[in-house]
Amino acid sequence: MAAFADGDPSSSSSCSSWDSDDEYQKFIQKMNPPRVTIDNASCANATIIHVDSANKYGILLEVVQVLTDLKLIVRKAYISSDGGWFMDVFNVTNQSGQKIMDESVLEGIKDYIYKSIAPGSCFLPSRRRAIGVEPSSDYTLIELTGTDRPGLLSEVSAVLTNLDCNVVNAEVWTHNERAAAVIQITDRKTGLAIPDAERLGRIKERLRNVFKGRSRDAKTTVAMGITHTERRLHQMMLEDRDYERYDKDRANANPMPMVSVVNWLQKDYSVVTMRCKDRSKLLFDTVCTLTDMQYVVYHGSVDTEGPQAYQEYYIRHIDGSPVNSEAERKRIIQCLEAAIERRVSEGLKLELSTGDRVGLLSDVTRIFRENGLTVTRAEVSTRGNKAINTFYVRDTAGSLVELKTLEAIRQDIGQTVLQVKGHPDHLKSTAQESLTRFLFSSLFRPRSP
């Protein structure tokens with residue numbers, strides 16, 4: 001059985017042992033630099049990545065995050081620890097399920113992993129601060145959390161457009177009636193970050209008003225910085241306690257993940273097991289959540305080669321103790337269930353690709369709202385002068401999107417291509433069974449003043 005190791009029992013007796021800048025630990029890491037090797041001969045259907053390094057808190061998440069950012073699929077993982085050293089082995093494929101054969105790509109993978117965990121790299125996965133936030137003059141970063149409702153993204157994007165802001169990148173998650181968003185904006189005129197503190201204050205106040213009277217616990221943050229978006233969204237949703245807010249019909253919507261937490265008293269571990277339908281980035285989501293909850297993974301196993309994903313972790317809190325109460329055991333289960341479910345968006349997947357312009361996101365989401373659709377998840381990006389947007393939508397009653405609704409949208413939006421992904425069955429059954437894209441004709445037509 002495989003084993004995950006993100007810490008050594010002998011070095012986990014106190015929280016300070018993980019957070020301190022002990023010179024001895026620095027010396028050990030300097031004298032034992034990480035080794036990353038790649039083996040394409042031992043396994044017929046996967047590339048094997050070995051990562052050996054002196055141990056430090058958060059290194060497991062750092063490696064998994066790198067593999068995720070490189071769009072690699074982890075099929076299996078074999079990891080063990082001995083003292084202050086850990087040895088990770090990941091069986092990975094590309095998005096098509098094939099081994100990685102290109103030597104230049106393999107060298108890039110090795111270099112990226114090495115740089116992320118090498119001595120001097122800074123990774124402190126604490127909820128006390130935003131992870132990886134650094135000054136940036138390219139864009140202004142906005143973080144939003146609050147109660148979800150139909151049309152929320154439309155209202156937020158409309159406010160930003162009215163304040164002469166251009167949305168260049170954004171990611172929005174909704175779960176259990178909560179919403180979180182990380183949005184990168186630039187000034188409409190300069191195309192750069194907004195340095196004016198007074199103007200930033202107005203932006204923050206206007207965005208707060210979007211939630212006013214509907215969400216007493218809404219949070220709005222405006223700053224100049226760089227962050228790992230998905231890493232931050234997990235933190236924001238966890239801090240917003242989305243795991244405590246359950247829809248009444250949640251259990252009937254999708255198969256529930258199976259999560260259990262039991263204590264292994266002889267070894268002072270708590271054993272977490274998870275079984276659910278496999279999907280992209282699942283390993284990152286679960287490891288991220290355990291780290292944000294300040295638990296250290298010592299051993300474990302991961303197997304995703306079938307339709308079901310299986311994960312098992314032997315954990316302790318950073319203070320060295322196993323899970324010490326029934327309430328905490330239930331909280332871990334709820335948080336991991338939420339981490340598994342946040343990306344499982346219900347609804348129709350739409351991909352929009354067109355030339356970028358100020359107000360595009362506002363226009364598209366307004367038309368969704370006017371036609372009775374709500375956005376459950378969104379990924380907005382800008383590549384050069386092109387906008388690449390992905391939306392997961394459903395109608396405001398939670399039902400499947402009807403073809404006639406999409407036809408109505410076609411009348412309002414135009415001169416770009418919107419692809420319907422996944423070929424949903426309720427659309428296949430219509431006369432337009434081969435429907436995969438819509439040509440819109442009026443999005444850019446001049447509006448009456």
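Helices, which are DSSP runs of H or I with at least four residues, and strands, which are runs of E with at least two, are numbered from the N terminus.

**Figure 1. Overview of the predicted model.** The protein chain holds 13 helices and 17 strands. Of its 449 residues, 51% are buried. Among contacts in the chain with a separation of 6 or more, 74% are between residues 24 or more positions apart.

**Figure 2. Loop between β9 and β10, with D268.** D268 sits in the loop that links β9 (258-264) to β10 (269-277). The phi of D268 is positive, about 60 degrees, although the residue is not a glycine. Most residues other than glycine have a negative phi. With a relative accessibility of 42%, D268 counts as partly exposed, because that value falls between the 20% limit for buried and the 50% limit for exposed residues.

**Figure 3. Loop between β6 and β7, with E177.** E177 belongs to the loop between these two strands. E177 is another non-glycine residue with a positive phi, in this case about 65 degrees. Its relative accessible area is 52%, and E177 is therefore exposed; the cut-off for that class is over 50%.

**Figure 4. Helix α7 and its surroundings.** Helix α7 spans residues 229-239, and 9 of its 11 residues are buried, so the helix is largely enclosed by the rest of the structure. The buried residues are E230, R231, R232, L233, H234, Q235, M236, M237 and L238. Their cover includes helices α3, α9 (282-292) and α10 (326-341). Strands β5 (140-147), β6 (165-175) and β7 (178-187) also take part in covering them. After α7 comes R241, which has a positive phi near 60 degrees.

**Figure 5. Packing of helix α3 with helix α4.** The axes of α3 (residues 59-69) and α4 (residues 103-117) come within 10 Å and cross at roughly 150 degrees. α3 is therefore roughly antiparallel to α4, a term used for angles over 145 degrees. The crossing of the two helices is right-handed. On the α3 side, the contact involves I59, E62, V63, V66, L67 and D69; on the α4 side, Y112, I113, S116 and I117. Sorted by class, the residues of this contact are 7 nonpolar, 1 polar and 2 charged.

**Figure 6. Packing of helix α5 with helix α11.** α5 (residues 152-162) and α11 (residues 360-370) pack at about 150 degrees, and their axes are 8 Å apart. The crossing of α5 and α11 is left-handed. From α5, the residues L153, S154, S157, A158 and T161 enter the contact, where they meet L361, S362, T365, R366 and R369 of α11. The contact comprises 3 nonpolar, 5 polar and 2 charged residues.

**Figure 7. Strand β14 and its partners β6 and β15.** Of the 11 residues of β14 (residues 373-383), 8 are buried, so the strand is largely enclosed by the rest of the structure. β14 runs antiparallel to β6, to which it is joined by 4 bridges. A378 in β14 is positioned opposite V172. β14 also pairs with β15 in the antiparallel sense, over 10 bridges. S381 has I388 in β15 as its bridge partner. The two strands β14 and β15 make a hairpin with 2 residues between them. G384, in the turn, has a positive phi of about 65 degrees.

**Figure 8. Loop between β15 and α12, with V401.** V401 is in the loop that lies between β15 (386-395) and α12 (403-412). The relative accessible area of V401 is 2%, and the residue is therefore buried. V401 and G347 are 54 residues apart along the chain, and their C-alpha atoms are separated by 7.5 Å.

**Figure 9. Surroundings of D52 in strand β2.** D52 is part of β2, which covers residues 47-54. Its relative accessibility is 16%, so D52 counts as buried; the limit for this class is under 20%. Leaving aside residues up to four places away in sequence, D52 touches P33, P34 and R35, along with W85, F86, M87 and D88.

Terms used. Residues are numbered from 1 along each chain as its sequence is written. This is a predicted model: local features need pLDDT of at least 70, side-chain atom pairs count only at pLDDT 80 or more; totals for chains, interfaces and linings use all residues. Side-chain values use heavy atoms; hydrogens and water are left out. Axes are lines fitted to C-alpha atoms, for helices over the stretch in contact, and angles run from 0 to 180 degrees between N-to-C directions. Angles under 35 degrees count as roughly parallel, over 145 as roughly antiparallel, 65 to 115 as roughly perpendicular and the rest as oblique. A crossing is left-handed if the near helix is turned anticlockwise from the far one by less than a right angle, and right-handed if clockwise. Contact means heavy atoms within 4.5 Å. Ala, Val, Leu, Ile, Met, Phe, Trp, Tyr, Cys and Pro count as nonpolar, Asp, Glu, Lys and Arg as charged, and the others, Gly among them, as polar. Buried means under 20% relative accessible area, exposed over 50%, partly exposed in between (1.4 Å probe, protein chains only). Two strands pair if DSSP finds at least two bridges between them.
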